[in-house]
Amino acid sequence: MAQPEPDRTTDKKRVKVYELRNNDWFDRGTGFCTAEFVTIEEGQSGQEPRVTVEAEDSPGRWLLETKIVKDDGFQKQQDTLIVWTDNGVDMALSFQEPDCCQQIWKFIDSVQQTFQSVNGTHADDGLSDDLAIEMPSMIQLPPADLASLGDLETQIRIMSSTANGRDALAKSIMNDNYISRLIPLVEMAEDIESLTDLHKLCNIMKIVLLLNDTTIIEHAVSDDCVLGVVGALEYDPDFPSHKANHRQWLNSQGRYKEVVRIEDEQIRRKIHQTYRLQYLKDVVLARILDDPTFSVLNSLIFFNQVDIVQHLQSNVGFLTDLFGIFADPNEEQLRKKEAVLFIQQCCAIAKNLQPPARQTLYNNFLIHGLHQVINFGLRNFDVAVRVGATDILISMIDHDPQMIRLAIYRQIQAREAPLTDTLIDLLLVETDLGIRSQVSDSLKILLDPTPPGPPENRGELIAGQGRGQRQQTVEPQQEVFLNYFYENSAVRLFKPLLDLAGRTEMNFNVLNDGVFSYLNDILCFYIRQHGQRSKFFVMQNNLGQRFNQLLSCKEKHLQLVAIRFFRQLVVLQEEFFIRHLAEKKILGPVLDVLLRTMPRDNLLCSACLDLFALISKENIRDLIKHLVENYREKIMALAYIDTFREIITRYDHSQGYAAVEPYFLESDDEVSTRRPTNPGARGMMEHLAIDPTEDEYWNTSDDEENVAREAPETGATPNSSTAKPLVEYTSDDDGEESADAVMTSTAATPSDDASKENKEPTTPGSTSGTATPPERVSEKRRREEDEDDALDKLVHHKRRNSSAASSNSSISSATALRKKKNFGGGRDVSPNGHGPKKISITISSSIKNAAVKAGAEEEGK
Amino acid sequence: MSDLDKAIAQLRACRPIPEAQVRELCHKARELLIEEGNVVTVTAPVTICGDIHGQFHDLMELFRVGGDVPDTNYLFMGDFVDRGFYSLESFLLLLCLKVRYPDRMTLIRGNHESRQITTVYGFYDECLRKYGSANVWRYCCDVFDYLALGAIVLGASNTLSPNPEQTDVSEEDVEIEVCNADGQIMTQFQRQSRRKAGKSPNGAGGAAVNGVAAGSSNGPTGAVPSNTGPPGSGASGASGGSIGNPAGAVLCVHGGLSPLIDMVDKIRLLDRKQEVPHEGAMCDLLWSDPDEIDGWGLSPRGAGFLFGADIVKVFNYRNDLSLIARAHQLVMEGFKEMFDASIVTVWSAPNYCYRCGNVAALLELSEDDSGLGIFARSNGDVGRSDGGMGGGGGGGGGGGLRSVLENDLKPGPARRYRVFQAAPQDSRGMPAKKPVADYFL
């Protein structure tokens, strides 16, 4: 590059000089700026470039006199600002005119270009004109020898403290191939046993890696460098008496298992590189890793893995060899095992790929015979292979359950034993906890007839909401599959439960008693998803009684399983199950459990109380009636607990022979605590006025119920429901609609309902307008990126537990039920919920400031 | 039991125990924990600890500073796992000690004792590496579901037990004593009569915030005794009141309060055996944070709530509590009292994540000799629901609130904080994760 003629400017440029003192820009004064080559005095040849500012008010006084040296890091910012570091002090010139600034900058820039060309690096020639402004100057590192390690360490430590310095440093290191020059020093220092030098080397290497430069890190894990780099990091001055053995670990052959030879040299190199990157991330740098470096490492690993998997899946020869291993009866067991583990690792990587790429990978695997691998794996005697196979299966189900369902459908058509039966067999005999819970999850997902919909609808719908429509959209294959399941597999799956019939001794093998908990999970899920089929199954096999038997075994965790099942039945609030509970007198033994444990305050007791509190809170009249009529004495014995007193009061009230006042007192009390999602109004702050509309609702609710609900449901006989056995959706909806009819005179479409309610502020439904809690979920979503520890970060892990969580969470379900009541069948709680959301924005904005402030104050954790 | 002792010895040496033994341990722990209420009753003396986060060597340092296990009663307020590199060893050791000395160890659940959180923040990964499968993680998660949600400490004295390191016995009206790791007193605060307008909660909070900033420079030794209290005890001394009424109890919970829980007894009604839900009372208890606000606020964490001084004071009054001890938030000084000492955050993971530079603390409550403070609190207490306490709750409305805030708060029990730093680097070996052994890809 030709050196431009320094622009000797004679007319002075008006400028303010600033200096950074204690994080504040201190104004040194205003003056006129000159930038020129000044002849050095005392006979030395040559000139040096200087920037000077002469004070405006007192000519001859210099506000600034600085020599342009190469690592001052001059930068032009905006149009009128030049900043740099002068002997460690941050300086800034603020020009009055952009033109003047540009002229001075031109001079400085040209001088800096000269420095770069002196160093012989024209790395950025191609883009220099635009980028030169932002480009940091190059630097000269001390020679790589033991004697200058001290200098080197100090210099790079200083450099790495500023963004410019880091860039410059990173460039020099790569350009000078500095890492390779440092590596021999490690062995030299080891030879002369100079621990101080080794410590310096370690520090230098740490700084270099934490510069967080992709090229440097890639270079550091290359075949040539990696051992030297981790070698240097073995001597950590933070642990002076320790030496790590990274080289030994990475050097040992045989960590890399090559099931089928990968021919491509470059891919093989990438595989090793990826392993080293992981080792760096997890072991060598784990303690000192900062977030930027962590993400640089992660993205390097990720892109490598993408390349590797892409290469493998398109390599037909490779895939044929790989899956051929399972077809060969003479193949060694060990090699088959390794092949399973290899595929497992592929699938684990695939989870991070984009869905289309993942789809291609699985398709290619399936074409080459993945089913047979899973079948081989699930039945294998080696636990590691079974774990591998379930993992593979789970990752495919996670990706696209429909793909597996269709495969099962084809198996059924072909009269082969379907995959679900294999899974069921495995679940019942498996002792490995991990496999068991994964199999249990797969049995749930595979039998979930819900078509994939918006995520908030999946697994979070409780009770009968929206399920009617879902039933209709089930595909015919799904029907066949479900029919087959309930005809053949269900009995097999729930055999341990069914076998309890007639059993009096409740002793279980410690290893296997966990199966009940899984069966309960699965059954609860089926009950929520399968409607009639599951109801029939529960009734036909008298499962309530079976669970009741568990109450009499001495293991408390099994008793808990039973209580959990009953709770699920109650949560659904479906007449069928309510009647099942009553007819089979299932709650009596639960009361006995409570009476038995009551003086003590343990988990069992809490679970029972939770169940009865739910019945009382939701005011499930059939059950309250059943309880009081059949177990009045037991309940009286427990009446010192609020819940049970309430149950009796509710019963007496509904029968019409109790004093009215206590009932109202209690429900008033409840009102203040029964609005769980409104942080401002609910809870202990009863000095707040009770919402008048809400109040009205509570005062008027009984009348309505007398008209709309009491008559068909708790009246003399529930004739409407007996007329339509098993068809609970319609009957459920009927009930709701007749309630609606009373309130809004005509049951209409959801939107109609909503608008009507807006016009008629006195109808109970309109309480939603004034007392709607802020929609916290949406609020959460909005913030999710900011929060390090926020729960929402886990959204992608959520699926596996979501069903369990929703079934377990008493509060959420109770809330949902309450909404359902308030909003008339929950139909105007539309997926996009216009009403609540609008309100949430206005409420939340005021709270947000506080939240943001708090977030800034404390590191969340 | 010798098997268990062997396991304890092995874990103390930071070596994991075999999977079969973990399973057995977890089954024993389950039997034990199932018998505990959602709110465990603990009697003083007890030493209360905050988050541990898998910092095994610092846990050993904690035991060194606070006394070893059968000799000192401990209450750990959750977050045993994640972040640090020895979650497994830390949690299993605590669990072993719990099984071995059930009456002397209390473990309650933190928000990190959950399947979802541990899959993201390290514990899952660690189990996978150390055992080659996630089974141990699953065993541990099963135990998490059984952990209690909170604890009530009864019978804590208003006077400190004598400090063995101190020759001149301190006067009896010391309310707060801060000691260093060697037991030497760094600062003491006398009980004071209530200051009416001396310091608004906000002012106190401001001081504490400044303390956080300053604390990063020099840790606890930089604390200078002054009127405003040491860093971390912004409102120290303000919880005065009549001396000699030990009836107030201390509620320990990982996160904080919930809008759904106005009485401690309501916590007892939860079926806690489940994954920590995303909302609801159980979630809030594990996720909420106190904050300088009025009433309730949305939490930036996305779960739980923020709650202000008014909430704490009303809750404490209604439940006859003198103090709420919680963990969940990093405090640079190891502990931080807020809202006129009605709530304290205790943090027991020094140099959190091996780089935060904070110190840790534990809170000692000593035993009240009179025995007045101990009475059973459970659902079974006749009269608790329809008598005295219920009346108190009802009376809290309207004008009652003002009197709550100004007069009727219980005096805080005498509190001794022991502040300690991270275990010396050299004693612990290099903390690192276990590398993946074999690789195919």
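**Exercise 1. Strand β16 of chain B**

Task: In this predicted model, establish how many of the six residues of strand β16 (residues 415-420) of chain B are buried, and work out which strands are joined to β16(B) by bridges.

Solution: Begin with burial: six of the six residues of β16(B) are buried, so the strand is largely enclosed by the rest of the structure. Next, separate the two faces, both of which are covered, with Arg415(B), Tyr417(B) and Val419(B) on one side and Arg416(B), Arg418(B) and Phe420(B) on the other. Then turn to the pairing, where strand β6 (residues 174-179) of chain B runs parallel to β16(B) and is joined to it by four bridges, with Val178(B) standing opposite Tyr417(B). Finally, strand β15 (residues 360-365) of chain B runs antiparallel to β16(B) and is joined to it by six bridges, and here Ala360(B) has Phe420(B) as its bridge partner.

**Exercise 2. A loop residue before β6 of chain B**

Task: Locate Thr159(B) among the secondary-structure elements of chain B, and decide whether Thr159(B) is buried or exposed.

Solution: Thr159(B) belongs to the loop between β5 (150-154) and β6 of chain B. Because 20 C-beta neighbours lie inside 10 Å, Thr159(B) counts as buried, the cut-off being 20 or more. As a last step, compare sequence with space: Thr159(B) and Val174(B) are separated by 15 residues in sequence, while their C-alpha atoms are 6.8 Å apart.

**Exercise 3. The annotated position His112(B)**

Task: Describe the surroundings of His112(B), which an unreviewed UniProt entry marks as "active site".

Solution: First place the residue, which is found in the loop between β4 (105-107) and α5 (115-121) of chain B. Then consider its burial: His112(B) is buried, since 30 other C-beta atoms lie within 10 Å. Last, list the contacts, leaving aside residues up to four places away in sequence: His112(B) touches Asp79(B), Val81(B), Asp82(B), Ile117(B), Thr118(B) and Tyr121(B).

**Exercise 4. The six-stranded sheet of chain B**

Task: Give the strand order of the open sheet of six strands in chain B, and identify its edge strands.

Solution: The order is β1-β5-β8-β12-β14-β13, and the pairing is mixed. The edges are β1 (39-43) and β13 (335-338), each of which pairs on one side only, and the twist from one strand to the next averages 20 degrees. Within this order, take the pair β12 (residues 321-326) and β14 (residues 343-346), which run parallel and are joined by three bridges; in β14(B), Val344(B) is the bridge partner of Ala325(B).

**Exercise 5. Helix packing in chain A**

Task: Characterise the crossing of helix α10 (residues 265-284) and helix α11 (residues 291-313) of chain A, and then state which residues of helix α25 (residues 543-550) of chain A are buried.

Solution: The axes of α10(A) and α11(A) come within 9 Å and cross at roughly 150 degrees, which makes the two helices roughly antiparallel, the cut-off being an angle over 145 degrees. The crossing is left-handed, and the residues making the contact include Ile267(A), Ile271(A) and Leu277(A) of α10(A), together with Leu297(A), Ile301(A) and Ile308(A) of α11(A). Turning to α25(A), six of its eight residues are buried, and the helix is mostly covered. These buried residues are Leu543(A), Gly544(A), Arg546(A), Phe547(A), Asn548(A) and Leu550(A), and among the elements covering them are α23 (515-530), α24 (532-540) and α26 (556-572) of chain A.

Methods: Residues are numbered from 1 along each chain as its sequence is written. Chains are lettered from A and ligands numbered from 1 in the order in which they are written. This is a predicted model: local features need pLDDT of at least 70, side-chain atom pairs count only at pLDDT 80 or more; totals for chains, interfaces and linings use all residues. A residue is buried if 20 or more other C-beta atoms lie within 10 Å of its own, exposed if 12 or fewer, and partly exposed in between; C-beta atoms are placed from the backbone. Two residues are in contact if their C-beta atoms, placed from the backbone, lie within 7 Å. Two strands pair if DSSP finds at least two bridges between them. Axes are lines fitted to C-alpha atoms, for helices over the stretch in contact, and angles run from 0 to 180 degrees between N-to-C directions. Angles under 35 degrees count as roughly parallel, over 145 as roughly antiparallel, 65 to 115 as roughly perpendicular and the rest as oblique. A crossing is left-handed if the near helix is turned anticlockwise from the far one by less than a right angle, and right-handed if clockwise.
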